[in-house]
Amino acid sequence: MTRTYFLMAFIIAAIVAGCGPEQDTFLTNKVIAHRGAWKANDLPQNSIASLDRAIALGCMGSEFDVWMTADGVLILNHDAEYDSLEIEHSTYEQLLAVRLPNGERLPTVEEILRKGMSQNKTKLIMEIKPSSVSTERGQELAAKAVELVHQMGAQKWVDYITFDKHIGSKIIELDPEANVAYLMGDKTPQELKVEGYFGFDYNIRVLRENPNWIKEAHDLGLTVNSWTVNKEEDMEWLLENNVEFITTDEPELLLELIKN
Ligand code: MG
C-alpha cells in the first residue's frame, strides 16, 4: 500500500515537473550591470552590445532605461532626448535616423527582450522612465511594457524598477506577480511592503543614511538593491549587509570582489 502510494506520488511529481517551466538557471551573484556592461569596453549605454557584454561577463542582471516615442514604440535611452531629438515628441521613424556610437540604432524593448530571452543566466532589469509629458503617459508606458513582456512570454526574465510611484503601482496592479522595485528613496520598507513592491533599489547615499532599512526590508521579505555603486568600499559594505543586488557601472570589479 505504502509502496503504491509512493509510486503514484512519484509519477504525479514527474508529470508536474515535466509540465512546469524550465529549470531556473538564472545567476544569483548580486551583480547588476547599470545600463548594461559598457564602461570597461567603451560600449554605448543601453545598447544590445552592452547587454551582450553583461551576459558574457555573467552578471545576474543587466539594467536598461525605457521611454515611449510619440507613436507609442518603447525604446531604450537614459535621457529624455537623444542627439537633440526628444523621444516623447519624436516618432520611431525619426529616431531610426540616429545611431549610437557603435552604429546600433536605439534598441526597442522588443529587441532587447528577444536578445535577453536567447539565454537564461542574466535577467533584464527594466527601468520605466517617468514621462515628462504627464503622469498618465508614464502609466501608459508602464502598461505597454507589461503587455509586451506578457505577449513575448518574457515574465521570467524581467524585473521592473522605477522612480515614479504611479508607474510602480500601475505595474503592480497589472501584474501582481511581477518583481517591482522602487528607486526614489522616499518610502520606508513598511510602505513598500503595503503597496506590493518586491523591494527597493535606492541610491547608496540613502542606504548609508538609513542603514536600518536593509534589515527592515529583509524582515518584511523585501529585496534590497542599490545604485549606482562604483566604489569598492560601498560594494564591501553592501555585501557585508547581505543585500540581494548591487547595481554598478563596474561589474568586472564587483564580480572580482564576490569571487574572492
Ligand atoms: Mg536606469
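Donors here are N, O and S atoms within 2.8 Å of the metal, and water is not among the atoms, so a site may look incomplete. Keep that in mind below, along with the fact that this is a predicted model.

**Exercise 1. The metal site**

Work out which residues coordinate the magnesium ion and how they are spaced in sequence.

*Solution.*
Step 1: Look around the ion for donor atoms. You'll find OE of E63, OD of D65 and OE of E127, at 2.0 to 2.1 Å.
Step 2: Put those donors in sequence order. The pattern reads E-x1-D-x61-E.
Step 3: Place the outer two on the fold. E63 sits in strand β2 (residues 61-68) and E127 in strand β6 (residues 123-128); they are 64 residues apart, and the pair links distant parts of the chain.
Step 4: Add the remaining donor. D65 belongs to strand β2.

**Exercise 2. Buried or exposed?**

Decide whether E63, D65 and E127 count as buried or exposed.

*Solution.*
Step 1: Recall the cut-off: buried means under 20% relative accessible area.
Step 2: Check each donor against that. E63 has 3% relative accessibility, so it counts as buried. E127 comes in at 4%, so it is buried too. D65 is at 0%, and therefore buried.
Step 3: See what packs around D65. Leaving out residues up to four places away in sequence, D65 touches R35, N46, I75, L76, N77, H78, E127 and K129. One of these, E127, is itself a donor to the magnesium ion.
Step 4: Try a residue outside the site. E140, in helix α5 (residues 135-151), has 42% relative accessibility, so it counts as partly exposed. Its C-alpha atom is 8.9 Å from that of M68, although E140 and M68 are 72 residues apart along the chain.

**Exercise 3. Two domains meet**

Describe the interface between domain 1 and domain 2: how much area is buried, and what supplies it on the domain 1 side?

*Solution.*
Step 1: Set the bounds. The domain assignment gives domain 1 as 41-152 and domain 2 as 179-260.
Step 2: Get the spacing. Taken over C-alpha atoms, the domain centres are 23 Å apart.
Step 3: Count contacts. Seven residues of domain 1 touch seven residues of domain 2.
Step 4: Turn to area. The two domains bury about 500 Å² between them, with 71% of it on carbon and sulfur atoms. On the domain 1 side, L57, C59 and M60 supply 56% of the area buried against domain 2, more than any other three residues.
Step 5: Look for polar links. There are zero salt bridges between the domains, and zero residue pairs in polar contact turn up across the interface, with both residues required to be at pLDDT 80 or more.

Technical notes
Residues numbered from 1 in each chain as written. Predicted model: local features only at pLDDT ≥ 70, side-chain atom pairs only at ≥ 80, totals over all residues. Heavy atoms only, no water. Donors = N, O, S within 2.8 Å, 3.2 Å for Na, K, Ca; no water. Helix = DSSP H or I, 4+ residues; strand = E, 2+ residues; numbered from the N terminus. Buried < 20%, exposed > 50% of the residue type's maximum accessible area, 1.4 Å probe, protein only. Contact = heavy atoms within 4.5 Å. Domains from an automatic or database assignment. Buried area = accessible area lost by both parts, 1.4 Å probe. Salt bridge = Lys/Arg side-chain N within 4 Å of Asp/Glu carboxyl O. Polar contact = N/O pair within 3.5 Å; in protein donor to acceptor, adjacent residues only side chain to side chain.
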